[in-house]
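Here is a friendly walk through one protein chain, from its surface to its interior. Keep the viewer open as you read.

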Amino acid sequence: MGDMHAFILARIQFAFTVSFHIIFPAITIGLASFLAVLEALWLKTRRESYRDLYHFWLKIFAINFGMGVVSGLVMAYQFGTNWSGFSAFAGSITGPLLTYEVLTAFFLEAGFLGVMLFGWDRVGPGLHFFSTCMVMLGTIMSTFWILASNSWMHTPQGFEIVNGQVIPVDWLAVIFNPSFPYRLLHMTIAAFLASAFFVGASGAWHLLRGNNSAPVRIMFSMAMWMALCVAPIQAFVGDAHGLNTLEHQPAKIAAIEGHWENTAGRATPLIVFGLPDMRAEKTRFALEIPYLGSLILTHSLDKPIPALKDFPPDERPNSTIIFWSFRIMVGLGLLMITVGVAGLYLRWRGTLFHSRPFHQFVLYMGPSGLLAIIAGWFTTEIGRQPWVVYGLLRTRDAVSAHGALHMSISLLAFIVVYFAVFGTGIIYMLRLIRQGPQSSSGRHAPEGGPGQKRTPARPLSAADNGAAGDEGFPEGRH
């Protein structure tokens, strides 16, 4: 019984650390592209507002980047400490894929991050813009390799099993496995949306407090355009991803939909609300819409979708959890589309920057993108259970041989340290956002030479620009 407790604690620990970690790369991916767009607009128009926004969001990017790197290292170590069975079985595939991420994304970011953060007044505008683009490319490449590794765990191919270990035989098949294109696109768009609502909520906060400056209006407007254009695209990508999941992981779809028995030749309804009971093998208080389940997942009115009783009890994902995590993700996505459409209407009416109820709504929607990512990640990973490598290695066989006491202490330590360290970082980041964009006019090139003041060459130093006070604000801007 102690081993089972340790197993559950190991899963909880991984879920906790990955939920914390995924927030920072998601914002980093979106902000890197946002910064590249801002700098391109500044180079084209030379409007100070774009330059001011670039320097403002560069500080937020630096903090997210630093916290993302630190939390990501913990994830890598956990594969060896808590999931040694997984490393022994599939390390010959996941190890090289993570190495490719380091050799491409990390090296690219390391080579140009310093120029991006500290080189505005030290290098030419063309080289600085190139550095920003390279860092942006690095974040995308990092996403590519991480999703390739994770997608292979969901839809493994291109391998042989020799002496109980996975041996790659076709790296192109390993990387471009059946679920990879859908998951890569879905996650990248999710990061863009999360960043858009993060930026939009920041703009809404300042608009609600009477700061109607040009940089605030620009970032709020750009965020609303992103919500309008990208949120509907995400819905179509999610639909395609769902069809792919139906083909390769039908048990996950059955658990998401909460259906236990379906009749052949009859359309499956969509359960909008219900409480799946894994022991009783039924969904209590089910509120159904006829035909809609089949229409969404099979694009027909007569094809049933898989039911949980089609699979052995020990191969069923926990429907109680992912039934609701999926609906949280979809519900937040529909609200994002609503924000985009409402923003377009207000823009047409000429009241986008004056509608306080809309600004309040956008402010509350600020964390929606991140919450949707976490809910979607829960749906994906819990829906893969009881497999860690789908159909090949059970999660129970992948865990390290630790006791419940050791796992309890390490989990408690993670909770305390994460909330202390990353909580401080998040609070500091919110303080910077509270200040808002500051005018860059009158900036001077940094002094150099022996004994002269220099900016410390570390990423978080890029955020050290009056964060402790409100210097530089025009009167009445608060």
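## A nonpolar patch on the surface

In this predicted model, six residues, V272, F273, L275, F285, L287 and I289, make up a nonpolar patch on the surface. Together they offer about 560 Å² of accessible area. Two elements each give two or more residues to the patch: β3 (270-277) and β4 (282-289).

F273 is a good residue to click on here. This phenylalanine lies in strand β3. Is F273 buried, exposed or partly exposed? With a relative accessible area of 37%, F273 is partly exposed, because buried would mean under 20% and exposed over 50%.

## The nonpolar cores

In soluble globular proteins, nonpolar side chains tend to be buried together. The largest nonpolar core in this model has 100 residues, and W57, F61 and F86 have the most contacts inside it. Helix α1 (residues 2-45) supplies the largest share of this core, with 18 residues. There is also a second, separate core of 11 residues, and A255, I256, L308 and W387 are among them.

Which residues does F61 meet beyond its neighbours within four places in sequence? The contacts of F61 are T28, L31, A32, L35, L113, M116 and V135.

## Two residues of helix α4

Helix α4 spans residues 125-154, and T139 is found in it. T139 has 4% relative accessibility and therefore counts as buried, since the limit is under 20%. A polar atom of the T139 side chain lies 2.6 Å from the backbone oxygen of M136. Setting aside neighbours within four places in sequence, T139 is in contact with T28, I29, A32 and E109. T28 and A32 also appear among the contacts of F61.

F129 lies in helix α4 too. At 24% relative accessibility, F129 counts as partly exposed. Leaving out neighbours within four places in sequence, F129 is in contact with A36, E39, A40 and L43. The C-alpha atom of F129 is separated by 7.9 Å from that of M116, and the two residues are 13 apart along the chain.

## A buried arginine in helix α12

R384 is found in helix α12, which covers residues 368-384. Where does R384 stand, buried or exposed? R384 has a relative accessible area of 5%, so this arginine is buried. Not counting residues up to four places away in sequence, R384 touches N150, M153, H154, Q249, K252 and Y390.

Technical notes: Residues are numbered from 1 along each chain as its sequence is written. This is a predicted model: local features need pLDDT of at least 70, side-chain atom pairs count only at pLDDT 80 or more; totals for chains, interfaces and linings use all residues. Side-chain values use heavy atoms; hydrogens and water are left out. Patches are made of residues with over 30% relative accessible area and no salt bridge: like charges are joined within 9 Å, nonpolar side chains (Val, Leu, Ile, Met, Phe, Trp, Tyr) within 5 Å. Accessible areas come from the Shrake-Rupley method with a 1.4 Å probe; for residues, only the protein chains shown count as cover. A salt bridge is a side-chain nitrogen of Lys or Arg within 4 Å of a carboxyl oxygen of Asp or Glu. Helices (H or I, at least four residues) and strands (E, at least two) are DSSP runs, numbered from the N terminus. Buried means under 20% relative accessible area, exposed over 50%, partly exposed in between (1.4 Å probe, protein chains only). A polar contact is a pair of N or O atoms within 3.5 Å; within protein, one must be able to donate a hydrogen and the other to accept it, and residues adjacent in sequence count only if both atoms are side-chain atoms. Contact means heavy atoms within 4.5 Å. A nonpolar core is a set of buried Ala, Val, Leu, Ile, Met, Phe, Trp, Tyr and Cys residues joined through side-chain atoms within 4.5 Å.
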